[in-house]
Amino acid sequence: MTAPATAPADLEELRGRVWAALGTVLDPELDEPITDLDFVEAWSVSPDGVATVRLRLPTFFCAPNFSFLMVADAHDAVSDVPGVERAVVTLADHHASDEINGGVAAQAGFIGTFGDEAVAELDELRATFLKKAALAGQDSVARPLVDRGATPEDLAVTTLGAVPPSPELDRLRRRRAALGLPDGDGAPLLITDDGSPVPVAKIPLHLRRARLQRVGIETNGEYCKSLLKTRYA
Amino acid sequence: MYEKDGEKYFIVDSHSHFWDASRENWKPGQEQYAKGWIDCFYGYHQLGPPETHWDYEKYLKVSPEDFERDMFVEGHVDHAIFQSTYLKEWYTEGFNTIDQNAQLLDKWGDRLIVNGRFDPRDGDAGLKQLEEDVAKYQCKGVKLYTAEWNNGSRGYKLSDPEAYRFLARAQELGIKNVHVHKGPTIWPLDKDAFDVSDVDHAATDFPDLNFIVEHVGLPRIEDFCFMAVQEPNVYAGLSVVIGGLMHARPKFFAKVIGELMFWVGEDKMLFGGDYNIWVPKWQIEGFVDWQMPDDEAFTDYAKLTTATKKKILGLNAAKLYDIPVPAELQLPTTADEPMQPGEELVKDVAGAQA
């Protein structure tokens, strides 16, 4: 059975929803949406609800595990959009394009796709990078407070609810929620990997680590953006 | 040697290549990987200043004359250390083997150091080859690619028992510097080739070897720094950091240098130009002129002194490789000296504002 053709105004709305769905897909390593990173090379939605998306990456050898995650996540996010009958998401110009595209289309999972070359699915990898993002996010939120004179003693008792609203705070809460770490108003701003509060004496080093983590992620992102720009100049 | 504003810098380029990525060398059936690899490098190349960009064809393979001009005549380099990168799965004669590098020894033997390599997956034959290479070239260092493909295997860990056997033998043979490629790479599936925890183990178990983490594990610089601060025999190889960031992303270059100065320290950082991804000239001149910006965002980071730059650009590596430095160019550095882990140091100096 063919899906009913969508009226032009509705199609425009559907397109908006598809783009918004793509905007929820992160490059886990860079902690940025693939739409902001310019990884979406082309996309379209047909009147009968077929969403076609082609992704691209900064190099031919970008790590296949992260590449697979992004293609699979984009496939899931677009498939879940009401009105999308079918999603076709592919990766262009990559050394593992064929495997990844075939694996995602068949919903084979990472092991099913790469066979003996993979020993585990990618949930753990995703969690590792969410943890990094949640540490870096503490720097993004705490740094302005430190710049305004907050001491380790102040920071030790600062909760998320006491921090002025900001996109960085929203993002930190989302990362923590995804990890099952405390993200409510009463949660401490500074926490260790297991969610426990950071003692006063350890706050200076904790902040150092959080900042280094943020520099690491952001520098990696800048590097990737530079290479993408060069590759698709 | 490079001289600027009355200061003289002894330059050791700790990371250079003499590769053959010409089409004739692309292994039949593997052309897409051979091309993909050098195309990746060419992408990095273009992160340098536009006036330094080369034509792709020239980039595939340089001549000995190019090397001589770019490194020694125009490039200010006093001594260069060759790192080999075999990639024989994709390049028929290898991408950049020890023998390719050694072609230049006849003319420049007094200024070139050829590092060896090994791959623990090669077993006894590999060990024998290492022994031969060391006998032939008096290697003091090796370059290891833990993510390299080898007969169906897509990588190994430095902490594998077989790797330990090679490290122990290398040490017996007089190797003291182990350069490990932990940076932008090729095939990390769930075996995360950027993961530096294997270096952590090896550095602890081989305290008399120096481990130079090339490209500072760039995609995971935080993992590298957290590890390096606890392992006194771990060094930061700056190739790809200066070349890829100083021109293209100066603010992030500043942050990375600032973090490295804090976590690793100026005695443990080694300049590497990564020829011919980039030529050394603009990197050395730019780094000597460079300073941590005055903006508020960088006030926590240390400024670089002339002594800092001298050590990073050459004196640290000279000490690791026992390269004689003219007396008037010398400065004390703790490079290559046994030290205690630095965790306490960090606790002492780190403040909320630090």
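Let's start in chain B with the loop between helix H6 (123-137) and strand S6 (141-144), which is where B:Gln138 sits. Helices here are DSSP runs of H or I with at least four residues, strands are runs of E with at least two, and both are numbered from the N terminus. B:Gln138 is not a glycine, yet its phi is positive, about 50°.

A quick word on what we are looking at: this is a predicted model, where local features need pLDDT of at least 70, side-chain atom pairs count only at pLDDT 80 or more, and totals for chains, interfaces and linings use all residues. Residues are numbered from 1 along each chain as its sequence is written, while chains are lettered from A and ligands numbered from 1 in the order in which they are written.

Staying in chain B, have a look at the loop between strand S10 (269-270) and helix H12 (280-289), the place of B:Asn276. The peptide bond leading from B:Tyr275 into B:Asn276 is cis, with omega near -5°.

Now over to chain A. Its pLDDT, the predictor's confidence in each residue from 0 to 100, averages 92, and 96% of the residues score at least 70. Among the elements of chain A, S4(A) has the highest mean, 98, and helix H4 (residues 109-114) the lowest, 79.

S4(A) brings us to the sheet. It is open and mixed, with three strands of chain A in the order S3-S4-S5; strands count as paired if DSSP finds at least two bridges between them. Strand S3 (40-45) and strand S5 (86-91) of chain A are the edges, each with a single partner strand, so one side of each has no neighbour in the sheet. From one strand to the next, the twist averages 10°.

How do the two pairings run? S3(A) and S4(A) are antiparallel over five bridges, and A:Val45 has A:Ala51 in S4(A) as its bridge partner. Their hairpin has four residues between the strands, and in it A:Gly49 takes a positive phi near 85°. On the other side, strand S4 (residues 50-55) of chain A pairs with S5(A) in the parallel sense, over six bridges. There A:Thr52 stands opposite A:Val88 in S5(A).

Next, the helices on that sheet. Helix H1 (residues 8-22) of chain A packs on it, touching S3 and S4 of chain A, and its direction makes about 145° with that of S3(A). Contact means C-beta atoms, placed from the backbone, within 7 Å; axes are lines fitted to C-alpha atoms, for helices over the stretch in contact, with angles from 0 to 180 degrees between N-to-C directions. Helix H2 (residues 64-79) of chain A lies across S4 and S5 of chain A, at about 160° to S5(A).

H2(A) has a helix partner too. With helix H3 (residues 97-105) of chain A, H2(A) packs at about 35°, the axes 10 Å apart. On the H2(A) side, the residues that meet H3(A) include A:Phe68, A:Val71 and A:His75, and those in H3(A) include A:Ile100 and A:Val104. By class, this contact has six nonpolar, three polar and no charged residues, where Ala, Val, Leu, Ile, Met, Phe, Trp, Tyr, Cys and Pro count as nonpolar, Asp, Glu, Lys and Arg as charged, and the others, Gly among them, as polar.

Finally, the domains. Chain A is assigned domain 1 (8-121) and domain 2 (124-229), with bounds from an automatic or database domain assignment. Their C-alpha centres lie 28 Å apart, and the contact takes 12 residues from each of the two domains.
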